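I opened the model today to look up a few spots and then the chain as a whole. My notes follow in the order I worked.

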Amino acid sequence: MNKVLQLGLQSSVINVAKFLVVPLRSLRVGSSIVGGTRSFNKRLMSNATVTVKSVPFSINNSKGKELKIVGAATDQNCLQMGSDIGRAEMGTLQDDRKDIEAMTVQELRATLRKILVHCLNMKLGLPVKGRKQKLISTLRLHMDSNLPDQKETTSSTRSESVTIKRKIRNTEEPTEDDCSNSEAYGTEQGEKRVKQSTEKNLKAKVFAKAVSKEQKSLTKTGKQQIHSKEEASSTISSELLKPEEMISSLSQSEPWTVLAHKKPQKDWKAYNPKTMRPPPLPEGTKCVKVMTWNVNGLRALLKLESFSALQLAQRENFDILCLQETKLQVKDVEEIKNTLIDGYDHSFWSCSVSKLGYSGTAIISRIKPLSVRYGTGLSGSDHDMEGRIVTAEFDSFYLINTYVPNSGDGLKRLSYRIEEWDRTLSNHIKELEKSKPVVLTGDLNCAHEEIDIFNPAGNKRNAGFTIEERQSFGANFLDKGFVDTFRKQHPGVVGYTYWGYRHGGRKTNRGWRLDYFLVSESIAANVHDSYILPDINGSDHCPIGLILKL
C-alpha cells in the first residue's frame with residue numbers, strides 16, 4: 001500500500017508483529033530489520049555461577065579453646081564443595097558446637113566477621129548484629145551447612161548468593177560529572193541516594209529470607225533438608241529477580257520510562273507511550289496522521305542495515321512524513337525519489353544552496369497537496385538559502401515543516417535566530433492562517449520550559465535553552481494563538497525527543513524536547529493524539545507524531 005522513503009533507520013525495539021501488513025511494491029535501500037519483539041524484562045542473572053569450596057580456619061573462644069570453623073572460599077574452577085575437608089574434621093566441628101554456647105556476644109560477632117573476611121573474601125549477608133541467640137543460630141547454621149552430606153546444597157546456595165551479590169553490585173550506575181554543555185548532563189544526587197538505599201534494603205531482605213528459610217527447615221525436621229542445585233538457585237532467584245528485572249527493564253530496555261530530571265517537581269511523570277496514548281479512533285473516523293523526524297543526515301541513515309522505513313510505514317501507517325536535517329544536495333533528490341515505495345507518491349524537497357550538505361527539509365505524502373511552496377516567500381531572503389522550510393496546503397489546513405536554525409556554539413547566531421528568523425516565520429504562519437488553520441512541525445531547536453530539558457540549570461547559556469530563545473518561542477508562536485499539542489495533552493509529563501551522542505544521554509534518558517507539533521488554536525480540540533516514539537533509533541532525535549481529526 002505504501003510508497004515511502006526507505007530510511008534505513010536503526011531501531012532495536014520495532015515490533016514487526018504490530019505492523020499493518022498490506023501488499024507493497026518494494027524499491028529498497030538497505031535491508032530490513034529482523035522481526036520479533038524485544039524483551040522488556042531483561043534478566044540480570046546470568047547462567048554462569050561462581051562455585052565455592054570449603055576452607056578450614058580456627059579461632060579461640062573465651063576459654064582459650066581452639067574452634068575449627070569451615071568457611072566457603074570462592075573458586076571459579078572448583079566443581080564441588082568440601083574437597084579439602086575430611087570427615088574427621090567434621091566430627092571435631094560437631095564437638096565444638098557445644099563451646100559456641102559459652103561464647104560471648106562479642107566473640108560471636110568477631111567469629112562471624114572473621115568468617116566473612118577470611119573465608120568468603122566478600123560479604124554474603126551473614127548477620128553480625130543482634131541478640132546472642134540469633135548469632136549462635138547463625139554460626140551453627142554456617143557450620144551445619146558445611147557437613148559432608150550437605151556440601152552440594154550449600155555450594156549451590158552460596159554460589160547463587162555470590163552471583164546475586166555481584167549482579168546487584170554491577171547494576172549500580174557510575175556517577176557522571178555535572179556538565180553544562182548542550183550534550184552533557186549531570187547525575188541527580190537525590191536519585192542516586194534513593195537507588196543506593198533501595199538496593200541496600202533489597203540485599204538485606206533477600207539474604208535474611210535465605211537464612212530464615214534454612215533455620216525454619218532445621219527446626220521443623222531436626223536436620224538440614226537436602227535440595228538439588230536447581231531447586232536452591234530457583235528459590236533465591238524467584239525472590240530476587242523480580243525487582244531486579246523491573247529495574248533492568250526500566251533503566252535499560254525502556255530508559256524513557258524512568259523519570260530523569262535534575263529538578264523534578266513532585267507531580268511530574270516520565271513519558272511512556274505504552275500507557276499514555278489514547279485508544280485508536282473508531283474505524284471510519286476522518287483524520288490525518290503526520291509524523292516528523294530530524295534524521296541528522298539522510299544518506300547516513302540509508303546506509304544503516306538494521307532498519308528500513310518500510311517497517312516504520314507499516315507500523316505507524318502515517319499519511320505524511322516530514323524530515324529535517326536531510327543534508328542533501330539538489331543533485332541527490334532524484335536518486336532519493338527513486339527509492340520511494342507504493343503509496344507515497346508525493347515528495348517535496350528543500351536543500352541548502354548557501355552551504356552544501358547542510359540543513360535541508362522534506363515532506364513525503366500519500367495525500368496530494370493542493371499547493372507547495374518553499375521558504376518564507378520573501379524575495380531574496382537569506383532565510384530561504386538553507387532549505388529550512390517546506391509548506392504544503394491540504395484541504396483543511398496548511399502544514400509547515402521547518403528546521404529552525406541553531407544559535408550555535410558561543411551563541412553566534414542567537415541574534416539572527418530571535419530577531420530575524422523567529423519573527424519572519426511567525427509572520428509567515430499568521431499570513432497563511434488568514435485562509436486556513438496551520439500545523440507547524442519540525443525541529444524548533446528550543447526546549448521551552450524546564451520540564452523539557454534534563455538539566456535546566458546547567459544549560460541556561462547554551463543554544464536551545466537560553467532565556468532569549470525561550471521568550472522568543474513564547475512571544476512569536478504560543479502568544480500568537482498556537483498550541484503546543486504535546487504539552488497540552490501531557491501537562492506534567494517529562495518526554496524528550498533529542499539525546500546527545502557525546503555522553504550517551506539516550507541510555508539514561510537525559511535529553512531535550514526540541515521537536516514539536518504546534519497547531520492553530522481553532523483546531524487544537526481536533527488533536528486526538530500528540531506522541532513521541534522514543535524507541536526508534538538511527539538519529540540523535542526520535543520521531544514524533546500527530547493524529548488530527550478532520
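**Ser350.** I asked first whether Ser350 is buried or exposed. The model is a predicted one, and in it Ser350 has a relative accessibility of 10%. The cut-off for buried is under 20%, so Ser350 counts as buried. I then placed Ser350 in the fold: it belongs to strand 6, residues 346-350. Next I looked up its contacts, skipping neighbours within four places in sequence. Ser350 touches Gly360, Thr361 and Tyr374. It also touches Gly387, Arg388, Ile389 and Val390.

**Asn459.** I moved on to a loop residue. Asn459 sits in the loop that runs between strand 11 (438-443) and helix 12 (467-476). Is Asn459 buried or exposed? I read a relative accessible area of 0%. That is under 20%, so Asn459 is buried. What does its side chain reach? I found the backbone oxygen of Asn455, at 2.8 Å.

**Cavities.** I then searched for enclosed space. How many cavities of 30 Å³ or more are there? I get 2.

The largest cavity has a volume of about 50 Å³. I listed its lining: Thr485, Phe486, Thr497, Arg513, Asp515, Tyr516, Phe517, Ser530, Tyr531, Ile532 and Ile544. Which elements supply at least two residues each? I noted helix 13 (485-489), strand 14 (515-520) and strand 15 (527-532). By class, I have 6 nonpolar, 3 polar and 2 charged residues in this lining.

The second largest cavity comes to about 40 Å³. Its lining consists of Trp256, Tyr271, Val494, Gly495, Tyr496, Trp499, Asn509, Ile532 and Pro534. I sorted these into 7 nonpolar and 2 polar residues, with no charged ones. Ile532 turns up in both lists: it lines the largest cavity and the second largest.

**Whole chain.** I finished with the totals. The chain has 550 residues, and 53% of them are buried. I count 14 helices and 16 strands. What share of contacts joins residues at least 24 apart in sequence? Taking contacts between residues at least 6 apart, I get 75%. The accessible surface of the chain is about 25300 Å². Carbon and sulfur atoms account for 50% of that surface.

Technical notes. Residues are numbered from 1 along each chain as its sequence is written. This is a predicted model: local features need pLDDT of at least 70, side-chain atom pairs count only at pLDDT 80 or more; totals for chains, interfaces and linings use all residues. Side-chain values use heavy atoms; hydrogens and water are left out. Helices (H or I, at least four residues) and strands (E, at least two) are DSSP runs, numbered from the N terminus. Buried means under 20% relative accessible area, exposed over 50%, partly exposed in between (1.4 Å probe, protein chains only). Contact means heavy atoms within 4.5 Å. Accessible areas come from the Shrake-Rupley method with a 1.4 Å probe; for residues, only the protein chains shown count as cover. A polar contact is a pair of N or O atoms within 3.5 Å; within protein, one must be able to donate a hydrogen and the other to accept it, and residues adjacent in sequence count only if both atoms are side-chain atoms. On a 1 Å grid over the protein atoms alone, a cavity is a set of points where a 1.4 Å probe fits but cannot get out, and a pocket is an open set with protein on both sides within 12 Å along at least five of seven lines; lining residues have an atom within 4 Å of a point. Grid points are joined across faces, edges and corners, and a volume is the space filled by probe spheres set on the points. Ala, Val, Leu, Ile, Met, Phe, Trp, Tyr, Cys and Pro count as nonpolar, Asp, Glu, Lys and Arg as charged, and the others, Gly among them, as polar.
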